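Colleague: I would like to learn how to read a model of this kind, one feature at a time. Could you give me the general idea behind each feature and then the case at hand?

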Amino acid sequence: MAGLQSIFEKIVSKDKDYRYMATSDLLNELQKETLNVDGDVEKKICNVVLTQMEDASGDISNLAVKCLAPLVKRVPESRLEEIVDELCRKLLHSNKEQQRDIGSIGPKTDV
């Protein structure tokens, strides 16, 4: 959990290198079989991943998309529905091409 707290702190940095490394670290944590989090932390992880998908840096948003696959394996169906709803909102209502692309790639990852 201490590792996740550090990730959460760095992921909001103004420095894109910190954000990139924090997103990469989050992906590594999500891929660990031993990661066990409670509902509040799970929700925070979901929100962080969805927020990082909107990052101005394409590298960071691409890493966030990669976080979806291990994330959706861990979350309950109700949380998965929230993620899919948000991805569909990005797809349908974004004026930015990058966000529409992410919105279309995300549900493919979830399914």
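Modeller: Let us begin with the word contact, which here means that heavy atoms lie within 4.5 Å. This is a predicted model, and in it L4 touches L26, E29, L35, V37, V41 and I45, leaving aside residues up to four places away in sequence.

Colleague: Before we go further into single residues, how many helices and how many strands are there in the chain?

Modeller: The chain has six helices and zero strands, so that its elements, read from the N terminus on, run α-α-α-α-α-α. Of the 111 residues in the chain, buried ones make up 41%. Among contacts between residues at least 6 apart in sequence, 62% join residues that are at least 24 apart.

Colleague: Which residues touch the most other members of the largest nonpolar core?

Modeller: A nonpolar core is a set of buried residues of certain kinds, joined through side-chain atoms within 4.5 Å. The largest one here holds 25 residues, and those touching the most other members are L4, L26, I45, V49, M53, L71 and I83. Two or more residues of this core come from each of the elements α1 (2-10), α2 (16-30), α3 (39-52), α4 (58-72) and α5 (77-93).

Colleague: How should I read the packing of two helices, and what is the case for α2 and α4?

Modeller: Two packed helices are described by the angle between their axes and the distance between the axes. The axes of α2 and α4 come within 9 Å and cross at roughly 15°, which makes α2 roughly parallel to α4, since angles under 35 degrees count as roughly parallel. The crossing in which α2 passes α4 is left-handed. On the α2 side the contact is made by K16, R19, Y20, T23, S24, L27 and L30, and on the α4 side by D59, I60, L63, A64, K66, C67, P70 and L71. Sorted by class, the contact of α2 with α4 has nine nonpolar, two polar and four charged residues.

Colleague: At what angle do the axes of α2 and α3 cross?

Modeller: The axes of α2 and α3 cross at roughly 135° and come within 12 Å, and this makes α2 oblique to α3. The crossing of α2 and α3 is again to be read by its hand, which is left-handed. In this contact R19, T23, L26 and L30 of α2 meet I45, V48, V49 and Q52 of α3, and the residues divide into five nonpolar, two polar and one charged.

Colleague: Which residues make the contact between α3 and α4?

Modeller: The axes of α3 and α4 come within 8 Å, crossing at roughly 145°, and the crossing is left-handed. The contact is made by I45, C46, V49 and Q52 of α3 together with I60, S61, A64, C67, L68 and L71 of α4. By class, the contact of α3 with α4 has eight nonpolar, two polar and no charged residues.

Colleague: L68 was in that list, so is L68 buried or exposed?

Modeller: A residue counts as buried when its relative accessible area is under 20%, and L68, at 1% relative accessibility, is therefore buried. L68 is found in helix α4, and its C-alpha atom is separated by 10.0 Å from that of M53, the two residues being 15 apart along the chain.

Colleague: Where is E42 found, and which residues does E42 touch?

Modeller: E42 is found in helix α3, and with a relative accessible area of 12% E42 is buried. Leaving aside residues up to four places away in sequence, E42 touches V37, R74, V75, P76 and R79. Of these, P76 lies 34 residues from E42 along the chain, while the C-alpha atoms of the two are separated by 9.7 Å.

Colleague: As a last case, what is the relative accessible area of E54?

Modeller: E54 has a relative accessible area of 40% and is therefore partly exposed. E54 is found in the loop between α3 and α4, and the C-alpha atoms of E54 and A64, which are 10 residues apart along the chain, are separated by 8.9 Å.

Notes:
Residues are numbered from 1 along each chain as its sequence is written. This is a predicted model: local features need pLDDT of at least 70, side-chain atom pairs count only at pLDDT 80 or more; totals for chains, interfaces and linings use all residues. Side-chain values use heavy atoms; hydrogens and water are left out. Buried means under 20% relative accessible area, exposed over 50%, partly exposed in between (1.4 Å probe, protein chains only). Helices (H or I, at least four residues) and strands (E, at least two) are DSSP runs, numbered from the N terminus. Axes are lines fitted to C-alpha atoms, for helices over the stretch in contact, and angles run from 0 to 180 degrees between N-to-C directions. Angles under 35 degrees count as roughly parallel, over 145 as roughly antiparallel, 65 to 115 as roughly perpendicular and the rest as oblique. A crossing is left-handed if the near helix is turned anticlockwise from the far one by less than a right angle, and right-handed if clockwise. Ala, Val, Leu, Ile, Met, Phe, Trp, Tyr, Cys and Pro count as nonpolar, Asp, Glu, Lys and Arg as charged, and the others, Gly among them, as polar.
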